[in-house]
Amino acid sequence: MKCELKKINGNKVIEVNGVPYSPMAFRSFRPTPANVSLFYRNGVRLFQMICSGVINCLGIKYSAYGEIWKGDNEYDFTAFDKQMEMFQKFAPEGYYCIMIQLDTPDWFIKKHNIPDSFRKFGIACFYDEWKSAAKEYLRAFIRYAEEHYGDRIFAYSFSSGLATEWFTDDKGAYDLKKEEYFKKYMNDEKVKIPTAEELNRFDGDFLYPKASDIPAYYKFTAEKTADTICEYAAAAQSVIEHKKLIGLFYGYMDLASDLQNRWGTAEYEKVWKSEDIDMIFSPAAYREARKTENPAAYQVAVDSIELNGKMYLHEIDHRTHLAKYPLENGVIIEDGYDSEEETVMVLRREMCQAVQKGSALWWFDFTGGYFFSPRYESEIKRAVEILNMLKLTPRKPVSEVAVFYDSESCFYLNDNMGIKEDYVTKQILEIAKSGVLYDIYNLNDIGKIDTARYKMFIFLNAFKIPEETLEIIHSSDAYKVWIHAPMYANARENSDIEKAVGMKLRRVEGVDKIVCGGAEYGFSKDMSLMLAPEGDIEILGSYKGTDIAAVAKKGKNIYSGAANIPYTVWKNFERIAGVHIYTENGTGIYGDSRFLCYQNPFSDECEIKLTEDCKFEELFDGGEYESTGKVLKYGAPKGTTKMFLRK
């Protein structure tokens with residue numbers, strides 16, 4: 001059986017033996033006849049299952065079916081057979097993605113004296129005994145699966161590390177083998193792995209000291225994670241020979257955490273470029289982006305995934321209002337939504353967020369029972385109908401804003417300062433609230449995009465910019481928005497920042513907050529470096545209580561001396577750049593050339609500003625709509641999510 005990614009009218013599909021399937025699927029750590037059949041009878045034909053004996057962070061097993069890897073070169077596939085039997089009975093025409101957890105079983109840890117790869121992946125990945133055994137297990141599993149169920153399997157996934165997402169939780173613990181590799185990496189026999197005390201030390205600067213080995217150490221550990229993943233992918237492909245798809249969770253820019261470096265995953269771009277990998281999975285952004293009053297967001301530089309020839313899969317793992325019940329060990333997950341109506345409206349906008357990027361998605365019934373209501377079933381059925389219809393509808397991105405995230409710069413930003421969210425997480429949310437359509441790329445991919453498509457570039461955390469990348473940026477006709485200290489990690493000189501932003505800057509002290517366009521904002525912590533633009537500039541904002549410039553424009557460069565820029569200020573920048581703004585009241589918008597999706601959390605009276613008048617069909621609740629004077633006006637209860645298909 002041959003499975004591959006194809007495009008139909010600009011939409012990616014999963015083709016199985018020449019038949020295109022809309023890239024939507026069901027997933028659960030507790031698949032049962034009830035939830036498998038619920039999704040199957042409502043049109044879902046792609047399913048994912050996990051094969052694992054590992055106990056997760058909630059204290060329960062990832063899979064109730066149990067362990068398969070029983071000993072050295074000893075595998076009992078009974079647990080897999082039983083799971084496949086259940087899936088095939090209740091989803092008989094389904095196709096399956098098999099997720100194989102490669103973490104060290106308890107017997108392996110004891111027998112081989114290997115660190116627990118689930119908790120301490122950042123150490124275990126330096127032990128070839130485990131990696132060789134895990135690769136052989138992976139190959140043996142795929143050989144067995146292909147022999148017995150190959151005509152029903154469309155993809156494989158493999159995982160390791162905390163949360164099955166390749167994170168390490170070793171907190172910088174010393175390991176002799178790891179240090180030996182680090183000496184070779186640094187080409188220095190005298191170098192030492194930074195101690196936990198050194199990694200946790202804070203000297204008051206937002207970047208690690210120029211002479212510090214810490215950035216190199218974090219890059220080293222992240223590269224080892226990426227290399228290990230690529231090794232496993234090559235092992236899998238040695239069996240399936242690219243006849244099935246390979247996917248995995250990996251490459252988050254937004255962990256809703258400042259400890260990006262501690263997790264060891266920031267070198268993800270190498271994995272995204274691998275020809276042995278077809279799909280990148282990620283949950284939707286967490287915390288603020290999951291609130292009903294805020295726009296949804298991504299954890300990954302989603303538009304770079306397609307640039308690298310991969311399909312992005314958006315996991316809808318939101319806890320429905322049915323999720324607040326005890327698990328088998330008594331633990332209760334408390335972050336579910338309060339009502340069915342609230343949950344439905346969030347699920348709608350998440351689906352539209354995936355659709356606007358041409359992405360795959362799966363509904364994740366985390367520990368089972370999240371969708372057991374007539375209303376949820378009705379929503380799933382309608383979502384499947386919409387997705388199947390849209391795969392035949394020509395799609396073209398219409399975003400005018402490109403946001404750039406730099407994974408390399410993560411290694412220089414001092415985790416202990418606690419401000420990564422200021423530059424990344426909070427900024428992305430505020431950009432979304434400004435009411436524009438935007439794309440998110442890795443900075444390293446700027447040379448691959450059609451820069452003429454965009455009216456504005458935003459650089460979130462560009463502390464380290466190669467000269468050739470800066471040339472591409474400056475050659476673009478788009479407006480460039482620079483935050484705080486781009487290129488500063490290059491040589492720790494003002495001149496580098498000035499070279500990036502195109503204006504003179506001087507250091508200032510005793511300032512923190514910025515006042516711009518009637519709004520006040522600034523970093524969440526005291527910063528050691530604050531800069532004021534000067535010279536031939538247009539001043540847009542000043543440091544609070546002073547006449548010192550803090551936000552300025554020169555040519556097509558806009559500079560802000562601090563992060564945490566609120567959406568009202570982003571709107572000012574967007575108007576300067578001529579970007580089309582769809583909504584005005586701090587709400588998000590989702591869409592492409594085919595549709596617009598809007599959730600109205602603040603008012604019963606809704607307005608969407610358009611680039612041209614248009615007629616629409618509303619896809620969730622039905623109805624015909626038409627704009628007047630390039631404004632679509634309609635009434636709907638607060639919190640309602642609607643999806644408008646252009647006619």
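User: Why is Arg506 called partly exposed?

Analyst: Its relative accessible area is 36%. Buried means under 20%, exposed means over 50%, and partly exposed is what lies in between (1.4 Å probe, protein chains only). The 36% of Arg506 falls in between, so the label is partly exposed. A word on the ground rules: this is a predicted model, where local features need pLDDT of at least 70 and side-chain atom pairs count only at pLDDT 80 or more, while totals for chains, interfaces and linings use all residues. Residues are numbered from 1 along each chain as its sequence is written, and side-chain values use heavy atoms, with hydrogens and water left out.

User: How do you know that Glu534 and Arg506 meet in a salt bridge?

Analyst: A salt bridge needs a side-chain nitrogen of Lys or Arg within 4 Å of a carboxyl oxygen of Asp or Glu. For Glu534 and Arg506 the N to O distance is 3.4 Å, so the pair qualifies. The pair links distant parts of the chain, with Glu534 in strand β21 and Arg506 in strand β18, 28 residues apart. Strands here are DSSP runs (E, at least two residues) and helices likewise (H or I, at least four), numbered from the N terminus. Glu534, at 32% relative accessibility, is partly exposed too.

User: What makes Lys544 and Glu520 a salt bridge, and where do the two residues lie?

Analyst: Their N to O distance is 3.2 Å, which fits the cut-off. Lys544 is in the loop between β22 and β23 and Glu520 is in strand β20, so the pair ties together parts 24 residues apart in sequence. Lys544 is partly exposed at 46%, and Glu520 is partly exposed at 44%.

User: Why is Glu400 called buried while its partner Lys455 is called partly exposed?

Analyst: Glu400 has 18%, which is under the limit for buried. Lys455 has 34%, which is in the middle range. Their side chains meet in a salt bridge at 3.4 Å, N to O. Lys455 lies in the loop between β15 and β16 and Glu400 in the loop between α13 and β14, so the pair ties together parts that are 55 residues apart in sequence. The rule gives 51 salt bridges, and a network of them links Glu341, Arg348, Arg375, Glu379, Asp621 and Lys642.

User: How do you know that Lys480 has no salt bridge?

Analyst: Lys and Arg count as positive and Asp and Glu as negative, with His and the chain ends not counted. The nearest side chain of opposite charge to this buried Lys480 is Asp477, at 6.4 Å, so the salt-bridge limit is not met. A polar atom of the Lys480 side chain does lie 2.9 Å from the backbone oxygen of Ala478. Lys480 belongs to strand β17.

User: What makes β8 mostly covered, and which strands pair with it?

Analyst: Seven of the seven residues in β8 (95-101) are buried. Tyr95, Cys97, Met99 and Gln101 point one way, and Tyr96, Ile98 and Ile100 the other way. Pairing takes at least two DSSP bridges. Strand β5 has six with β8, in the parallel sense, with Phe47 opposite Tyr96. Strand β9 also runs parallel to β8 over six bridges, and Phe158 is the bridge partner of Ile100.

Conventions. Polar contact = N/O pair within 3.5 Å; in protein donor to acceptor, adjacent residues only side chain to side chain.
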